Amino acid sequence: MSLKDVPTGLLELFLHHVPTGILVINQQGYVVTINPAARRLLGLPDASLDPPADHIPGSPSAPSSTTPSHPHINDIAWVLDSAELSDQTCDCSWPWDRLLNSADSEDKLQTTLCVIDSWQRRRVLRCFGVVAHTGDSSAERQVALALEDVTEYEAAEQERSALMEFIEVLPDFVGLADTQGNLLYHNRALREAQGEGGEVQSINSRISDAHDPESLEILLKEGFPVAERDGIWRGQTWLRHVGKETEIPVDQVLIAHRDAQGEVKRYSTLMHNLSVERARESEIERLLYRDPITGLPNRVLFHDRVEQARLVQNRGDEFLAVIVCDIRDFSTINESLGQEGGDQVLAEVGRRLQANLPQDATIGRLGADLFGILLPRLEEGKEAVEFAERIVSKVGDRVLFAEQAVHLTLRAGISVTSRSGESARTLVDQADAARRASKRSGVKYQFYSSSITEQAREHVYLTTELRHALDNNDLQVYYQPQVDFVSGKLIGFEALVRWQHPQEGWIGPGRFIPVAESSGLIGRVGEQVIDLAARDFLQARRAGFAEGRLAINIAAPQMNRPNWAIKLLEGWQRNGLAATDLELEITERLFVRSRHSLIEQLQYLRSCGVKIAVDDFGTGYSSLNYLKDLPVDRIKIDQSFITDLPGDHRTETIIKAITTLAKGLGMEVLAEGVETAGQAQALGSAGCYQGQGYLFAHPAPAASLWAEPQLECWRVGDIAGAGAEESRIQPASPVPEEVAGQKTWAKLRGERERRYRLAQEAARFGIWEWDLEADAIDWDNVCWWMLGYSAEMVGSMSYDEWRAIIHPEDIENVESHIQYALTNDTPYLIEMRCRSAFGDWIWVQERGQVVSRADDGQPLLIAGANIDFGQCKKTEADIQRQLEQANDTRSTFLNAVSHELRTPLNA
């Protein structure tokens, strides 16, 4: 059946309702036939305004003359879009013009028109036209055209093209396949990862090639079933990257696309590369849970491992042991080798622990030189002893550093449990308490016991209470006079710290001083004692009561801080007293184990006028060699020798030997704890003419000791061999006004300096100078404080020592700036990272300039300032983090991609 056989009525009905515009234009440009759709597309008047069809010009039944009332092509309201004429997709002329006026006998065309409709909207029309000749003359032409409005289609196609361009350049992997495994599309990232499509494979084969077995199982058992059921599945898998010859972690989205009948026809996937995120997470985990020096778990991770082992422990069937060990005298090793050498020693100990312990053991660095070992699933508790023996014998051996042998000694504490009741923190604390007990007792290792806990609780309690006492200035200073046996005159006082607790009453120094030393509070205790004693002594001196020197005890931890001597003397003189008014008492043990730096500090004090005394002489080490070279002015015989006097021949012989030795070395001798006249007489007979004790006076506060000059505070009886007569201590002459004025001015000047230092600390602004000839770099307190060091812990340092605390990545830049400043009289400004007392890196901004040169132009001195730059760097990091968060808006586009790919496709 041909088109001629179609009934005319049916054909007219079709043309009237079809959405495609149909029209016929004759040679004169009149529209001889047009359906409603074409009228709408061209903006022509309604059909009711047209004349009957038999009067249409050019029709077979119409007259030959033209009827102006028929629509003409010039009546078309829509116009060509001139802005789009240059667009290759749009024609620049009406199609009927080309067909009616074609010189090359063009009889058909297909084109796209960009037009502006009556409402000034841009429309896109797709046009197809043919030429029909009427009559015998070929010049009589009629053009039949079909028009279709494809504006929405073209817009959708442009959006699709833009979206595909975006998908193509995405760093994520995007692919589209049918249910048979044919790759319909994969973007550039996926092509680089998997190569081109290649031969057709089953979808299971495609997935098997792209994923590892574990990921394949996840996709087949979970991914595809969930996607077919819910439309989408999301999970994490591994993608085999052919280009990189590796497997990369991906966050994968799998979408099942259905046709109109609900059958799955397409699968699409979007995979985001998680390599960067995993690497960042791994680095964060390393920073949070790994020790940067040894690579071992840090305290947090170690506690977690102990807790996990405790939870899975079979009750009663297995033992779990925790060992905590440290390196004896590690601070000395660190000082002799430097921080870099100390770090290498720690790393080597960590490696040795790993090499000598079983695979299931967990080894962690808990801080400083403290290591923790977790031994799970022990059949017997005594197995922990075997491992402890192995640790102290094999791990504690010599280490070579820069061709220097460093001998290590480890001490360990052991905590063993067969129950899961104790927490991880309890087990570690018990092992650490046992370690401290082994340190005190001198054994290699020790098991935890309940008595250790009681001692630890006492330590914690006293530490807390002592800290409160220091904060509230509750410590008091009592004074005991020192007397010359011959003249009966006062030669000085010893300051003794006392603590009256609000609930417990008086707490003896023998109980709280060791706690202060081990807890790090001894520095604050010493500072308060010096301040209180200096003020009391100055007041008594001005009143004319205080004669001689004031002796103050100083503990070993106080002298472990660099420049402690300078700071101590500054604190003393700040109260208006001279260095010649002070005597420092140091235990004999500290002298025997003295370091070169300690000797230098004592020699400095002695050169300023401070007297140095050896306290508790005869109770420490037997070596007397230290007396030959060390700066000592006085020896104090311990009370344990005095109690046996008089009558003990051996004790008297020892005291005579001590006095003879001291006299030969030019030292004074003073006896402690003289309680009876007989003891004083025996001491005088042995050649000791100075002493202190209850015979003369009990320790007393300043208010009662120096209240009235008439009080009989001290008595000296007839001391045989000493030739002394009973006498009272007389007040000294008043202090001259000019001297008092000078001391007052010194105190005011010290107050201004104190306020200036407080301002420096508030601004985190430190000052330094570098003596190039002496190779000595001096930082003030604030410079050290910014890095977490207290002022007493540090001193002058050489260039190499200064260079060792700078981050390796910053050294080259720092040295280039300094070198330029040395050759040019211009200041330099650098930012660098310095290692803090806690092992981390602190940003510091340093400014410096050469301030002194020799006659030949050689630089002699550089001075400058350091500023804590950490907050500025933190702000920069915050800004960078905000910029990275802004980049996450990419997820908006990915959601658009997912929405587009989830749109059902026709089969």
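**Close-up views of a predicted model**

**View 1. A nonpolar patch on the surface.** In this predicted model, Ile-284, Leu-288, Tyr-289 and Val-300 make up a nonpolar surface patch of about 360 Å². The biggest contributor is helix α8, which spans residues 275-289 and supplies three residues to the patch. Leu-288 is one to look for here, as Leu-288 sits in helix α8.

**View 2. Helix α10 and its bend.** Helix α10 runs from residue 330 to residue 356, which makes 27 residues. At 1.5 Å a residue, a straight helix would reach 39 Å, yet the end C-alpha atoms of α10 are only 21 Å apart. Where does α10 bend, and by how many degrees? Look at Gly-338: α10 turns there by about 125 degrees.

**View 3. An antiparallel open sheet.** Five strands line up in the order β8-β7-β11-β10-β9 to form an open sheet, and the pairing is antiparallel. The edges belong to β8 (183-186) and β9 (232-241); each has a single partner strand, so one side of each has no neighbour in the sheet. Going from one strand to the next, the twist averages 25 degrees.

**View 4. Zooming in on β7 and β11.** Within that sheet, strand β7 (residues 173-178) pairs with strand β11 (residues 264-273) in the antiparallel sense, and the pairing covers six bridges. For a handy landmark, take Leu-176, whose bridge partner in β11 is Ser-268.

**View 5. A mixed open sheet.** Here's another open sheet of five strands, this time in the order β13-β14-β12-β17-β18 and with mixed pairing. Strands β13 (362-367) and β18 (445-447) sit at the edges, each pairing on one side only. The twist averages 20 degrees from one strand to the next.

**View 6. The β17 and β18 pair.** Which way round do strand β17 (residues 410-417) and β18 pair, parallel or antiparallel? They pair in the parallel sense, over three bridges. To find your way around, start at Gly-413 and go across to its bridge partner in β18, Gln-446.

**View 7. A salt bridge between helix and strand.** The model has a count of 35 salt bridges, and this view picks out the one that Glu-154 forms with Arg-126. The closest N and O atoms of the pair are 3.7 Å apart, which fits the cut-off of within 4 Å for a side-chain nitrogen of Lys or Arg and a carboxyl oxygen of Asp or Glu. Glu-154 belongs to helix α4 (residues 151-169) and Arg-126 to strand β5 (residues 122-133), so the salt bridge ties together parts that are 28 residues apart in sequence.

**View 8. Backbone oddities.** Most peptide bonds are trans, and most residues other than glycine have a negative phi. Now for some exceptions. The peptide bond from Leu-645 to Pro-646 is cis, and its omega is near -10 degrees. You'll find Pro-646 in the loop that runs between α20 (639-642) and α21 (649-664). Ala-368 isn't a glycine, but its phi is positive, near 55 degrees. The place to look for Ala-368 is the loop between β13 and β14 (370-378). Arg-377 also has a positive phi without being a glycine, with a value of about 55 degrees. Is Arg-377 in a loop or in a strand? Arg-377 lies in strand β14.

Notes: Residues numbered from 1 in each chain as written. Predicted model: local features only at pLDDT ≥ 70, side-chain atom pairs only at ≥ 80, totals over all residues. Heavy atoms only, no water. Patch = residues over 30% accessible without salt bridge, like charges linked within 9 Å, V, L, I, M, F, W, Y side chains within 5 Å. Areas by Shrake-Rupley, 256 points an atom, 1.4 Å probe, with all protein chains shown as cover. Helix = DSSP H or I, 4+ residues; strand = E, 2+ residues; numbered from the N terminus. Expected span 1.5 Å × (residues − 1). Bend = angle between axes of the 7 residues up to and from the residue. Pairing = 2+ DSSP bridges. Axes fitted to C-alpha atoms, helices over the stretch in contact; angles between N-to-C directions.
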